[in-house]
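Q: Please take a close look at a single strand of this model and at the parts around it. I should like a connected account, with the criteria behind each term stated.

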Amino acid sequence: MKNLSKNTIKTLNDWNKIFKKKQKIFPSIQANLNWKNVEILGIPTKRNKNWQYTPLEKFLDNNFVDVKNYNLSIKERNFFSLKLHAYRLVFINGKFSSLLSDKHTGFWKIHIRNQKNNLLTKKPIITDTFLYLIESLGREIVKIYLPKEKIETTPLYLLHINQGSEQKKTLTTINYRHQIELSEKSYGEIIEHFVSKNNLYSHFNSSRTSIIIDNYATLKYVKLGFENKTSYYFGYNDIYIKYNSIFNSNNIMLGSKINRNQTNVKINGKNSNLTMNSLLMTSAKDSIRDYSTYIEHNKSYCKSSQLNKTVIQKNGIGIFNGIIKVKKCAQKTNSKMINKNLLLDKSSKINTKPQLNIYADDIKCTHSSTTGYVDKQQILYLQSRGISYKKAKKMLIFSFFSDFIKQIHCKNLQKIISSNVYKNLKK
């Protein structure tokens, strides 16, 4: 540890204390192996190409403490909950709350595992220090299962309420581990929602969600990151798609000081269709939105489509890294990746890197990336029609979002997302 900074050493020591505490309660051989990987890899620096644009200095300038158990009333739960017609599961600081969750979940089967040697059935597609950290500190696995040939049109709503630390420069450390499985010929919808209990108290929230979609199955998935501006969120989603299946995903991240998402997909069955969209927006000063995708086509006659939009303001930083890999056996692949970025001030930055790794010859793959500011000529035109400068600017920003929001299948969610975008613009 000679070459490590003081803050890096301190952070690793804080995490080690949390790990040892959890090992005493639920000893796990697998968790111990994952912690060793954390120690071997260490905390990434700018020399790591996947982290070169994501500064962690302010994140590491905190103390990290174990999560505490907090109780919420029904009234408090209702305050944080979105007004949706859905089956609701509530998680407080990474733990499932049976008292605040719905007893009836339709065809969905929910299993909470908290054993000594918990293992997800799928290994991570891409690993790094923070994913190993989740696997070493998390002891509760929530398995969500939809049986064969079950059609469930009522969404399953996963509400994550996180309480930060009241102490200054201290982050409550929270971990989630979910596994979602859709059996053959099933259909389901899931909404995952992250929110902070308090707008001032800080927390470090990290989650890993594995999604397995069997033959002829369909999943519509929405992920909403609405946490407070002092929190930090690192999320990992691994998706495995089999034959003739559909996965539709919309990822909306508006909160947190640093919000970093890594979404990895393996398309392992013919004739499958993947649609994966993201909307990222900074709100607090100097905040960061970092979104990475990796899509691996392993079978022929499959389609994948990505639309990734980022709005950066207030000296913020946006990062997008996208990789489409088409293996030699994946002939007749049709894949596209679109990245559009809007900067609202001169002090904000965007770093984007779309990539194609093609090993098949009979395919159609495209990628594009655009970055720009709000068009002043369009603002002047709207002003000439009697619209104020502020309103004209907001109208143009909302037009930038419009094609994304229209792809959300739930009209109520469209309104909720638009409302939260509007609040971010007012800050």
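A: In strand S15, Ile 288, Asp 290, Ser 292, Tyr 294 and Glu 296 point one way, while Arg 289, Tyr 291, Thr 293, Ile 295 and His 297 point the other way, and all are buried. In a regular strand, side chains alternate between the two faces of the sheet. Buried here means under 20% relative accessible area, exposed means over 50%, and partly exposed lies in between, with a 1.4 Å probe and protein chains only. S15 covers residues 288–297, and because 10 of its 10 residues are buried, the strand is largely enclosed by the rest of the structure. Strands (E, at least two residues) and helices (H or I, at least four) are DSSP runs, numbered from the N terminus.

The model is predicted: local features need pLDDT of at least 70, and side-chain atom pairs count only at pLDDT 80 or more, whereas totals for chains, interfaces and linings use all residues. Residues are numbered from 1 along each chain as its sequence is written, and side-chain values use heavy atoms, with hydrogens and water left out.

S15 has parallel partners. Strand S13 (residues 258–267) runs parallel to S15 and is joined to it by 10 bridges; two strands pair if DSSP finds at least two bridges between them. In this pairing Ile 267 stands opposite His 297 of S15. Strand S17 (residues 317–326) also pairs with S15 in the parallel sense, over 10 bridges, and Phe 320 in S17 is the bridge partner of Tyr 291.

The loops before and after S15 each hold a residue with positive phi. Asp 286 is placed in the loop between strand S14 (273–281) and S15, and its phi is near 65 degrees, a positive value in a residue other than glycine. Asp 286 is partly exposed, with a relative accessible area of 24%. Tyr 301 is placed in the loop between S15 and strand S16 (303–312); its phi is near 60 degrees, again positive in a residue other than glycine.

His 297 leads on to another strand, since it is among the residues that Ser 335 touches. Ser 335 is in strand S18 (residues 334–343) and is buried, with a relative accessible area of 1%. Not counting residues up to four places away in sequence, Ser 335 touches His 297, Ser 304, Ile 324, Lys 364, Cys 365 and Thr 366, where contact means heavy atoms within 4.5 Å. With Ser 304 there is also a side-chain to side-chain polar contact of 2.5 Å. A polar contact is a pair of N or O atoms within 3.5 Å; within protein, one must be able to donate a hydrogen and the other to accept it, and residues adjacent in sequence count only if both atoms are side-chain atoms.

Tyr 291 leads to a cavity. The whole structure holds two cavities of 30 Å³ or more, and the second largest has a volume of about 50 Å³. On a 1 Å grid over the protein atoms alone, a cavity is a set of points where a 1.4 Å probe fits but cannot get out, a pocket is an open set with protein on both sides within 12 Å along at least five of seven lines, and lining residues have an atom within 4 Å of a point. Grid points are joined across faces, edges and corners, and a volume is the space filled by probe spheres set on the points. The lining of this second largest cavity consists of Tyr 221, Lys 223, Asn 237, Ile 239, Phe 247, Ser 249, Asn 251, Thr 263, Met 276 and Tyr 291. Two or more lining residues come from each of S10, strand S11 (232–241) and S12, and S12 gives the largest share, three residues.

Two of these lining residues, Lys 223 and Asn 251, face each other across a strand pairing, Lys 223 standing opposite Asn 251 in S12. Eight bridges join S10 to strand S12 (residues 246–253), and the two run parallel. S10 also pairs with S8 in the parallel sense, over nine bridges, with Ile 190 opposite Tyr 221 of S10. S10 is mostly covered, as eight of its nine residues are buried.
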